[in-house]
Amino acid sequence: MAEFDVALPQYIIPNVIAHPDHWFWYTHWLIVHRELNLTIGGIGVAGTPDATGQTMIGYFMDQKFEGQQFTTEAVACFLDWIFQHPDVKTVVADTPTQHISSQRVLQKNGFQLVGAVEEGVRWERRHSAPPVQV
């Protein structure tokens with residue numbers, strides 16, 4: 001949550017204001033446990049796709065709910081939504097090298113390791129199916 005607390009005023013709010021017609025590319029989506037009606041994590045995309053059709057996702061999960069497939073399910077649902085946008089060709093995600101559980105979430109969702117980045121390692125998933133018209 002500490003990263004979200006920083007991102008909200010420094011990234012999310014300014015970009016939602018600056019891009020009112022594309023706010024959904026800059027906002028943060030809550031992951032809610034249905035039975036408990038409790039926010040357990042969050043997920044977001046770091047803006048509209050670039051000229052090559054690439055965008056980046058990020059997510060977090062409350063430690064009490066890690067290892068229960070909630071993050072894997074949330075990433076799968078989010079990817080389904082992202083890939084409905086015809087401009088998106090590739091989704092990337094960076095993880096710290098030691099965050100094996102987060103890397104496993106990406107692997108389960110069809111991401112491939114592409115290499116080292118300053119923050120750790122970069123994962124990539126290309127859209128293989130024809131885009132769905134939105």
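M56 has its bridge partner in strand β4, at V92. That contact is part of a predicted model, and β4 is a good place to start reading it.

**Strand β4 and its neighbours**

Strand β3 (residues 54–61) and β4 run parallel, joined by 3 bridges. Together with helix α2 (residues 70–82), these two strands make a β-α-β unit, and the unit is right-handed. On pairing with β6, the sense changes: β4 and β6 are antiparallel, over 6 bridges. Here T95 is matched with V121 of β6. How many of the 6 residues of β4 are buried? The count is 5, so the strand is mostly covered, with buried meaning under 20% relative accessible area.

**Salt bridges**

Side chains of opposite charge can pair when their charged atoms come close. Across the whole structure, 3 salt bridges are found. The table gives the closest N and O atoms for each pair.

| Pair | N to O distance |
|---|---|
| K64 and D62 | 4.0 Å |
| R122 and D94 | 2.6 Å |
| E124 and R126 | 3.2 Å |

Take R122 and D94, whose side chains meet in a salt bridge. This pair links distant parts of the chain: R122 lies in strand β6 (residues 120–126) and D94 in strand β4 (residues 90–95), 28 residues apart. R122 has a relative accessible area of 24%, so it is partly exposed. D94 also counts as partly exposed, at 22%.

Next come E124 and R126, which form a salt bridge with each other. Is E124 buried or exposed? E124 is buried because its relative accessible area is 17%, under the 20% cut-off. R126 is exposed, with 56% relative accessible area.

The pair of K64 and D62 has its closest N and O atoms 4.0 Å apart. K64 is exposed, with a relative accessible area of 64%. D62 is partly exposed, at 27%.

**A nonpolar patch**

Which residues form a nonpolar patch on the surface? They are L8, I13 and I17, with about 270 Å² of accessible area together. I13 sits in helix α1 (residues 2–18). With a relative accessible area of 43%, I13 is partly exposed.

**In brief**

β4 pairs in parallel with β3 and in the antiparallel sense with β6. The R122 and D94 salt bridge also links β6 and β4. On the surface, L8, I13 and I17 make up a nonpolar patch.

Note on methods: Residues are numbered from 1 along each chain as its sequence is written. This is a predicted model: local features need pLDDT of at least 70, side-chain atom pairs count only at pLDDT 80 or more; totals for chains, interfaces and linings use all residues. Side-chain values use heavy atoms; hydrogens and water are left out. Buried means under 20% relative accessible area, exposed over 50%, partly exposed in between (1.4 Å probe, protein chains only). Helices (H or I, at least four residues) and strands (E, at least two) are DSSP runs, numbered from the N terminus. Patches are made of residues with over 30% relative accessible area and no salt bridge: like charges are joined within 9 Å, nonpolar side chains (Val, Leu, Ile, Met, Phe, Trp, Tyr) within 5 Å. Accessible areas come from the Shrake-Rupley method with a 1.4 Å probe; for residues, only the protein chains shown count as cover. Two strands pair if DSSP finds at least two bridges between them. A crossover is right-handed if, with the strands pointing away from the viewer, the path from the first strand over the helix to the second runs clockwise.
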